[in-house]
Amino acid sequence: MNAVAIIAAHELRTVLRSRLVAGFGILFCGLALAITFGGLAASGQLLVQGFTRTAVSLLNLSLYLLPLLGLVLGATAFSAPHDGTELLLAQPVGRTAALLGRALGLAGAFALVAGAGFGAAALLVAVQAGTDGFGGFLAASIGATLVGLAGLGVGVLLGVSTRTRAAATGAALAAWFAAAVLYDLAAILVLQLFGSGDVDGLLVTLLTLNPIDGARTLGLVSLGADVLLGPTGAALEHALGGAGGAWIVASLAAWLVAPLGVAAWRFGRRDF
């Protein structure tokens with residue numbers, strides 16, 4: 001564990017100096033602050049939305065941007081042919097400890113980027129509009145960050161499964177496009193073809209297979225989906241009642257752990 005902590009600290013310092021993390025951090029903070037401003041009042045003064053409306057807008061933005069950052073960050077970190085991995089493995093440290101240490105360092109940098117964006121937005125809302133609804137905002141922020149960390153784990157798996165940075169980046173972008181765009185279209189088609197009658201079970205199954213959709217649904221329900229989305233939100237709350245919500249939470253936990261486990265297995269058998 002001491003070796004893992006040392007490697008994680010070194011990786012964190014290295015990643016925070018990279019242009020990728022700095023660029024994403026600036027972009028996410030800027031967009032989060034821009035979304036926080038809700039529009040123009042009749043008097044022409046710029047208004048700041050409350051926590052609930054801000055959380056809904058930021059949830060959609062972050063569930064596109066944060067998984068993309070996680071996938072690209074993890075894939076590029078473990079795919080570079082001269083990233084110091086051989087030197088690291090020449091030290092008295094196991095391959096699993098090396099992978100977990102580097103992954104924890106990447107996760108720390110990722111959490112700082114996400115925390116900076118959500119924190120800046122929360123500070124602005126609290127100062128200008130009060131703290132009502134902060135609990136829902138915090139839950140949505142944590143959920144989106146966890147989905148991004150799940151993307152980081154998948155990115156690490158893609159990185160150790162490829163040999164070049166270009167191949168890893170391409171695989172990461174393809175995985176993001178499939179999860180963020182194509183999956184929704186496929187889910188709509190499945191619901192139209194097989195969604196007659198009680199669709200709660202089918203809907204929950206589809207949500208468990210994609211952490212982006214699962215986290216989005218949980219976030220909207222925690223923010224009051226019946227009020228925000230009307231009949232559609234009420235249907236989501238009904239579907240997640242009972243064991244539905246627990247299944248989605250369990251699937252998110254699996255998405256956090258399983259990709260890293262497979263990556264550690266492949267990393268242990270990779271030739272350098």
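Biologist: Which hand does the crossing of helix 9 and helix 12 have, left-handed or right-handed?

Modeller: In this predicted model, helix 9 and helix 12 cross left-handed. Their axes come within 10 Å and cross at roughly 135 degrees. That makes helix 9 oblique to helix 12.

Biologist: Why is helix 9 called oblique to helix 12?

Modeller: Roughly antiparallel needs an angle over 145 degrees, and roughly perpendicular covers 65 to 115. The crossing of helix 9 and helix 12 is at roughly 135 degrees. That value fits neither class, nor the one under 35 degrees, so the pair counts as oblique.

Biologist: Which residues make this contact between helix 9 and helix 12?

Modeller: Helix 9 brings P211, G214, A215 and L218. Helix 12 brings G245, I248, V249, L252 and W255. By class, they are 7 nonpolar, 2 polar and no charged.

Biologist: What makes 2 of them polar?

Modeller: Gly counts as polar here. G214 and G245 are therefore the polar pair.

Biologist: V249 sits in helix 12. Why is V249 called partly exposed?

Modeller: Partly exposed runs between the 20% limit for buried and the 50% limit for exposed. V249 has 48% relative accessibility, so V249 is partly exposed. Its C-alpha atom is 8.1 Å from that of G214, 35 residues away along the chain.

Biologist: Helix 9 also packs against helix 3. How do you know that helix 3 and helix 9 are roughly antiparallel?

Modeller: The axes of helix 3 (residues 51-77) and helix 9 (residues 211-222) come within 11 Å and cross at roughly 165 degrees. Over 145 degrees counts as roughly antiparallel. Helix 3 and helix 9 are therefore roughly antiparallel. Their crossing is right-handed.

Biologist: Which residues meet there, and what makes 1 of them charged?

Modeller: From helix 3 come V56, L59, N60, L63, Y64 and P67. From helix 9 come I212, A215, R216, G219 and L220. They divide into 8 nonpolar, 2 polar and 1 charged. Arg counts as charged, so R216 is the charged one.

Biologist: Now helix 2 and helix 5. What is their packing angle?

Modeller: Helix 2 and helix 5 pack at about 25 degrees, with their axes 8 Å apart. That makes helix 2 roughly parallel to helix 5, because angles under 35 degrees count that way. The crossing is right-handed.

Biologist: Which residues of helix 2 and helix 5 meet?

Modeller: Helix 2 supplies V21, F24, G25, F28, C29, A32, L33 and T36. Helix 5 supplies V113, A114, A116, G117, F118, A120, A121, L124 and V125. The split is 14 nonpolar, 3 polar and no charged.

Biologist: A34 is also in helix 2. What makes A34 partly exposed?

Modeller: Its relative accessible area is 47%. Buried would need under 20%, exposed over 50%. A34 therefore falls in between. A34 and A121 lie 87 residues apart in sequence, yet 8.7 Å apart C-alpha to C-alpha.

Biologist: L100 lies in helix 5. Why is L100 not called buried?

Modeller: L100 has a relative accessible area of 34%, so L100 is partly exposed. The limit for buried is under 20%. L100 and A264 are 164 residues apart in sequence and 7.9 Å apart in space, C-alpha to C-alpha.

Biologist: How many residues does the largest nonpolar core have?

Modeller: The largest nonpolar core has 56 residues. F78, L99, F118 and F137 have the most contacts inside it. Elements giving two or more residues include helix 2 (19-36), helix 6 (134-161) and helix 7 (165-194). Helix 3 gives the most, with 16 residues.

Biologist: How do you know that F118 is buried?

Modeller: F118 belongs to this core, and a nonpolar core takes in buried residues, so F118 must be under 20% relative accessible area. Beyond its neighbours within four places in sequence, F118 contacts F28, L58, S62, L66, F137, S141, A144 and T145.

Biologist: And what is the overall picture?

Modeller: The protein has 12 helices and 2 strands. Along the sequence, the pattern is α-α-β-β-α-α-α-α-α-α-α-α-α-α. Of its 272 residues, 44% are buried. Among contacts between residues at least 6 apart in sequence, 79% join residues at least 24 apart.

Conventions: Residues are numbered from 1 along each chain as its sequence is written. This is a predicted model: local features need pLDDT of at least 70, side-chain atom pairs count only at pLDDT 80 or more; totals for chains, interfaces and linings use all residues. Side-chain values use heavy atoms; hydrogens and water are left out. Axes are lines fitted to C-alpha atoms, for helices over the stretch in contact, and angles run from 0 to 180 degrees between N-to-C directions. Helices (H or I, at least four residues) and strands (E, at least two) are DSSP runs, numbered from the N terminus. A crossing is left-handed if the near helix is turned anticlockwise from the far one by less than a right angle, and right-handed if clockwise. Contact means heavy atoms within 4.5 Å. A nonpolar core is a set of buried Ala, Val, Leu, Ile, Met, Phe, Trp, Tyr and Cys residues joined through side-chain atoms within 4.5 Å. Buried means under 20% relative accessible area, exposed over 50%, partly exposed in between (1.4 Å probe, protein chains only).
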